Amino acid sequence: MKHTLKLFVKYILSGISLGCTFFVIMCLSFYVGGGEEFLKEIFEDFGRQAVGSMLVGIACGATAVIYQFDRFSGFVKTIIHFCVGMGVFYPVAVSLGWIPFYPDRILYTVLQFLASCGIFMTIRLGFYLFNRNEAKRINKRLREMERDGDKGDISYKAP
């Protein structure tokens with residue numbers, strides 16, 4: 001239980017870090033792209049904007065702890081992570097004006113939601129591919145060690 005709590009806190013802090021990092025990257029991209037009007041709105045409400053970024057980061061980061069448990073399949077874990085992440089992201093994004101919401105233009109709203117889902121899935125795919133490649137690299141190294149009969153000190157050596 002203590003290990004799970006420490007892990008959960010680690011994921012929360014990582015989520016806050018990622019939320020803040022993405023917030024800064026988005027602000028910089030708007031700055032470089034000439035979106036001063038959008039930045040003006042963000043800075044007029046900076047406290048709420050920053051907290052919103054952290055909440056989204058926590059929702060996406062902290063729920064990633066589910067991947068540490070074997071109780072559910074990978075697909076179910078992804079669905080849970082997706083539902084919690086989007087369940088927090090979309091309302092926060094709409095309420096803070098990150099995504100415009102037009103009740104009278106439902107197709108636009110649906111397309112915005114689908115774009116948000118696409119971004120989530122792209123980020124998830126990136127993490128999946130990274131972890132898959134890491135597992136392949138580690139397994140290759142373990143096979144090499146097993147083949148060589150290396151029973152000595154196992155230490156990390158940079159590739």
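A helix here is a DSSP run of H or I that covers at least four residues. With that in hand, take Thr-109, which is found in helix 5. One thing before we go on: this is a predicted model.

Is Thr-109 buried or exposed? Its relative accessibility is 10%. Buried means under 20%, so Thr-109 counts as buried. Which residues does Thr-109 touch, leaving aside its neighbours within four places in sequence? They are Tyr-90, Phe-101 and Tyr-102.

Now to a pair of helices. Look at helix 3 and helix 4. Their axes come within 8 Å. They cross at roughly 170°. Angles over 145 degrees count as roughly antiparallel. Helix 3 and helix 4 are therefore roughly antiparallel to each other.

Which residues make that contact? From helix 3 we have Arg-48, Gly-52, Leu-55, Val-56, Ala-59 and Cys-60. They meet His-81, Val-84, Gly-85, Val-88, Phe-89, Val-92 and Ser-95 of helix 4. By type, the residues of this contact divide into eight nonpolar, four polar and one charged.

What about the stretch between the two helices? Ala-64 is found there, in the loop between helix 3 and helix 4. Ala-64 has 14% relative accessibility, so this loop residue counts as buried. Set aside its neighbours within four places in sequence, and Ala-64 is in contact with Tyr-11 and His-81. His-81 also appeared a moment ago, on the helix 4 side of the helix contact. Here is a distance to check on screen. Ala-64 and Phe-82 are 18 residues apart along the chain. Their C-alpha atoms are separated by 9.6 Å.

Last topic: empty space. Rolling a probe the size of a water molecule over the atoms shows where empty space is left. The largest pocket has a volume of about 1200 Å³. How many residues line the largest pocket? The count is 36. Nearest its centre lie Leu-18, Phe-22, Val-56, Cys-60 and Ile-123. Two of those names should ring a bell: Val-56 and Cys-60 are also among the helix 3 residues that meet helix 4.

Which helix gives the most to this lining? Helix 1 does, with 11 residues. Helix 1 (2-32), helix 2 (36-44), helix 3 (46-62), helix 4 (74-95) and helix 5 (106-148) each supply at least two residues. As for residue types, the lining divides into 23 nonpolar, 11 polar and two charged.

That's my tour. Thank you.

Key:
Residues are numbered from 1 along each chain as its sequence is written. This is a predicted model: local features need pLDDT of at least 70, side-chain atom pairs count only at pLDDT 80 or more; totals for chains, interfaces and linings use all residues. Side-chain values use heavy atoms; hydrogens and water are left out. On a 1 Å grid over the protein atoms alone, a cavity is a set of points where a 1.4 Å probe fits but cannot get out, and a pocket is an open set with protein on both sides within 12 Å along at least five of seven lines; lining residues have an atom within 4 Å of a point. Grid points are joined across faces, edges and corners, and a volume is the space filled by probe spheres set on the points. Ala, Val, Leu, Ile, Met, Phe, Trp, Tyr, Cys and Pro count as nonpolar, Asp, Glu, Lys and Arg as charged, and the others, Gly among them, as polar. Axes are lines fitted to C-alpha atoms, for helices over the stretch in contact, and angles run from 0 to 180 degrees between N-to-C directions. Angles under 35 degrees count as roughly parallel, over 145 as roughly antiparallel, 65 to 115 as roughly perpendicular and the rest as oblique. Contact means heavy atoms within 4.5 Å. Buried means under 20% relative accessible area, exposed over 50%, partly exposed in between (1.4 Å probe, protein chains only).
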